Amino acid sequence: MSIPDVTELTLEEKTSLTSGASFWYTKPIDRAGVPAIMMTDGPHGLRKQREGGDHLGIGDSVPATCFPPAVGLGSSWDIDLVQRVGEALGTETSIENVSVLLGPGVNIKRSPLCGRNFEYLSEDPIVSGALGAALVKGIQSQGVGASLKHFAANNQENDRMRSSSDVDPRPLREIYLRGFQRVVEDAQPWTVMCSYNRINGVYASEDPWLLTQVLRDEWGFEGLVVSDWGAVNERVPGLSAGMDLEMPASGGVTDAQIVAAVEDGSLDEVVVDAAAGRVLDLVGKATEGAGRAAGPLDVDAHHALAREAAGRSIVLLKNDPLRQAQGAGAKEGPLLPLARDAKLAVIGEFAEKPRYQGAGSSMINPTRLDTALDEIRALATGEVAYARGFSNALEVAADEVAALRDEAVAAASAADVAVVFVGLPARLESEGYDRDDIDLPAAQLDLLDAVLAVNANTVVVLSNGSVVALPFAGRVPAILEAWLLGQAGGGGTADVLFGEVNPSAKLTETVPARIEDTPAYLDFPGEFSHTRYGEGLFVGYRWYDARRLDVAFPFGHGLSYTTFSYADASAAVAADGDIEVTVAVTNTGDRAGREVVQVYTSLPGSTVQRAPRELKAFASVALERGETRALTLRVRREDLAYWDIRADRWVVEGGEYTLDVAASSRDIRSSVVVTVDGDAVTLPLSRTSSMGEVLRHPVAGPIVQGLITQAMGDLDQSASSIMPEGVDMSKMMESFPISRIGMMGALSGDGEGVSVEMIDGLIAMANAPQQ
């Protein structure tokens, strides 16, 4: 089908393309042969609703594979696995004749209280960007589009439709936009979805700086900007800003506003042409890619991939030796993996009624649903008892609480190992509102205490969409962070418990010791529709490391059933400016496994504020027992850059960079130092420029240095009468404005000072174009 050029359409037809026809469809133009296309929710499965379905409903959506949400999948740190999941998502999207899947979400996990954290990948922009790009590439390889969301600085649900994220330029660029930039530049998503919130007072849906200057002009985005559903504030300013497609339908109201604005001259028709042209481009790509994946869906194959992804998403936080030997399942060494013939007590309602995804627009109607209890029994050869342990109902009578706990204690006391499933009920984590705390329900903690009192060999399996406090971490020998794992999470959990899958996932968000330690604690969720990002650059592990705070488990942490050693790393700057870091990793244990190798950088003595170390590269590598493999990880030069607020651009600072090759942010295995050439930054001088800035200027510096050398004798002599011996006058003068220097007679050497005319002449000479 041939899609017409925008010049072939009337003003009214062009305008009609800039808003939806219904909740999920764009408008067709039958006269010109422009079909409607369908967009629908993701990001970890296809949520295609039948006609008449509401935005947050689930009951009437077609069955689709529910893969692990981003909170789990991100913990794999595996670009290849994530891309394969993306391909499967694209296949299901294509089979259902949907053109755009609304995902992935790459917003930063600023606070563990954000109710939508389960949809996001990490507290770090490099992880979010690299894995987000892999998802987009996978989805779009099947002839359908992805929608990168929620652009931008959308890090809470409270007051999300109007709250302003008030954030300084450096953290905005270096933390909150960097992941989006990586996905756009590496994967070119067909669409980017602008968020509900305001950014420094301006709605994302009508911010020309965000949607045009940054997204298109700087990053080279070629696709279409679509609003989040209901995110449009004022349509005409939004269109001018670069917000092309309003969703859902406005009933023609905003179309009429656009036509009226063109007719009265307040809106140039070329703006409408640009937006309509991008919609036509999207329709053209969707038409060309339609039918690439032929049905019917291979449900079994996709469920198997979901199970693989679930097993690869589970983080082994802790795995101490057995506390006591019991029965036929007794063994030496760590508690996990479980012996197949061990006598087990599986405890906790989540084992039977899994919490496998978050609430809201990403809820998937799964093709099937595994439970951990069934899958554990399928793999075990010994006795497996089950006790519900607690109820997730909103209100539970005291006698029922006691009875459930007593039943669980009896089962645990008779078992070799107790496997206790605890987590957050669905009502505590959802799109639309934030969490009040990071605590597990008191009834679950009481249950765990009671189980530990009768069986020290207890494994805790967590079900949660964002981190929770772990006050029991010191008393429980084994902990699995199982997140929300999708429809095959029960099987993935059983696989890890019994060692069918060697756990390899690692945390992409820090587990704090307490909520008061978290970076945004005093500024979340804000007040009066303003949220101050007061922690600045120090988000996640950057904060904990800079303040030297103890954490429950650090960013990047995750254990295995085998062990790995790292040789000394080497590094070199490549011809393109990137740094290639090479390290040999050896599997020193007795079984095959997978290690996630991380590279962090730091610049001691930097002229700008920096975290103690920042993640810049990572790789996931599978190793047979005894196998050694040399890995080369590439640190991109652009990822070393900071946002220079003086020059309003990215700048790589030159110097001796330390590159830490690590198993987590606090488990450094090898370090190497590399010299990096910096970018030249020459700023225009003014009367308010400091002496330090003047002295570092390539033109003015040598001139002023000569005058200072000539006059330094008189200056030192006069200073000696008022300054203690040893005072460094050069340091004192470093921040002194050049316009004030005349009062001290410092440059002329004759005590008469320096005239304003002399200073202005120096400034003019410095700022003149150099031949």
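1. Let's start with the open sheet of five strands in this predicted model. Its order is E1-E2-E3-E5-E8, and the pairing is parallel. Strand E1 (39–41) and strand E8 (224–227) are the edge strands, each pairing on one side only. From one strand to the next, the twist averages 30°.

2. Inside that sheet, have a look at strand E3 (residues 145–151) and strand E5 (residues 191–194). These two pair in the parallel sense over three bridges. Which residue of E5 stands opposite Leu148? The residue is Val192.

3. Two helices are worth viewing together with these strands. Helix H6 (residues 178–187) lies across E3 and E5, and runs at about 160° to E3. Helix H7 (residues 208–218) packs on the sheet as well, where it touches E3, E5 and E8. The direction of H7 makes about 150° with that of E8.

4. Helix H5 (residues 169–176) deserves a point of its own. Seven of its eight residues are buried, so H5 is largely enclosed by the rest of the structure. The buried residues of H5 are Arg170, Pro171, Leu172, Arg173, Glu174, Ile175 and Tyr176. If you colour the model by accessibility, "buried" here stands for under 20% relative accessible area.

5. Next comes strand E10 (residues 344–347), which is covered on both faces. Leu344 and Val346 are buried on one side, and Ala345 and Ile347 are buried on the other. E10 runs parallel to strand E12 (residues 417–423), with four bridges joining the two. Within E12, Val419 is the bridge partner of Val346.

6. E10 also runs parallel to strand E11 (residues 384–387), again through four bridges. Here Ile347 has Ala387 of E11 as its bridge partner. What do E10, helix H12 (residues 372–379) and E11 make? Together they form a right-handed β-α-β unit.

7. Now for a helix pair. The axes of helix H13 (residues 398–413) and helix H14 (residues 442–454) come within 9 Å and cross at roughly 30°. Angles under 35 degrees count as roughly parallel, so that is how H13 and H14 stand to each other. H13 passes H14 in a right-handed crossing. On the H13 side, the contact is made by Arg405, Ala408, Val409, Ala412 and Ser413. H14 contributes Asp446, Leu447, Ala450, Val451 and Val454.

8. A second helix pair is formed by helix H11 (residues 299–311) and helix H15 (residues 489–498), whose axes come within 8 Å and cross at roughly 50°. That angle makes H11 oblique to H15. The crossing of these helices is right-handed. Arg307, Ala310 and Gly311 of H11 make the contact with Gly489, Gly491, Gly492, Asp495 and Val496 of H15.

9. Finally, an open sheet of four strands has the order E22-E21-E26-E27, with antiparallel pairing. Strand E22 (614–623) and strand E27 (667–676) stand at the edges; each has a single partner strand, so one side of each is left without a neighbour in the sheet. Neighbouring strands of this sheet are turned by 20° against each other on average, direction ignored.

10. One pairing in that sheet rounds off the tour. Strand E21 (residues 593–602) and E22 pair in the antiparallel sense over nine bridges. Which residue of E22 stands opposite Thr601? Glu614 takes that place.

Notes
Residues are numbered from 1 along each chain as its sequence is written. This is a predicted model: local features need pLDDT of at least 70, side-chain atom pairs count only at pLDDT 80 or more; totals for chains, interfaces and linings use all residues. Side-chain values use heavy atoms; hydrogens and water are left out. Buried means under 20% relative accessible area, exposed over 50%, partly exposed in between (1.4 Å probe, protein chains only). Two strands pair if DSSP finds at least two bridges between them. A crossover is right-handed if, with the strands pointing away from the viewer, the path from the first strand over the helix to the second runs clockwise. Axes are lines fitted to C-alpha atoms, for helices over the stretch in contact, and angles run from 0 to 180 degrees between N-to-C directions. Angles under 35 degrees count as roughly parallel, over 145 as roughly antiparallel, 65 to 115 as roughly perpendicular and the rest as oblique. A crossing is left-handed if the near helix is turned anticlockwise from the far one by less than a right angle, and right-handed if clockwise. Contact means heavy atoms within 4.5 Å.
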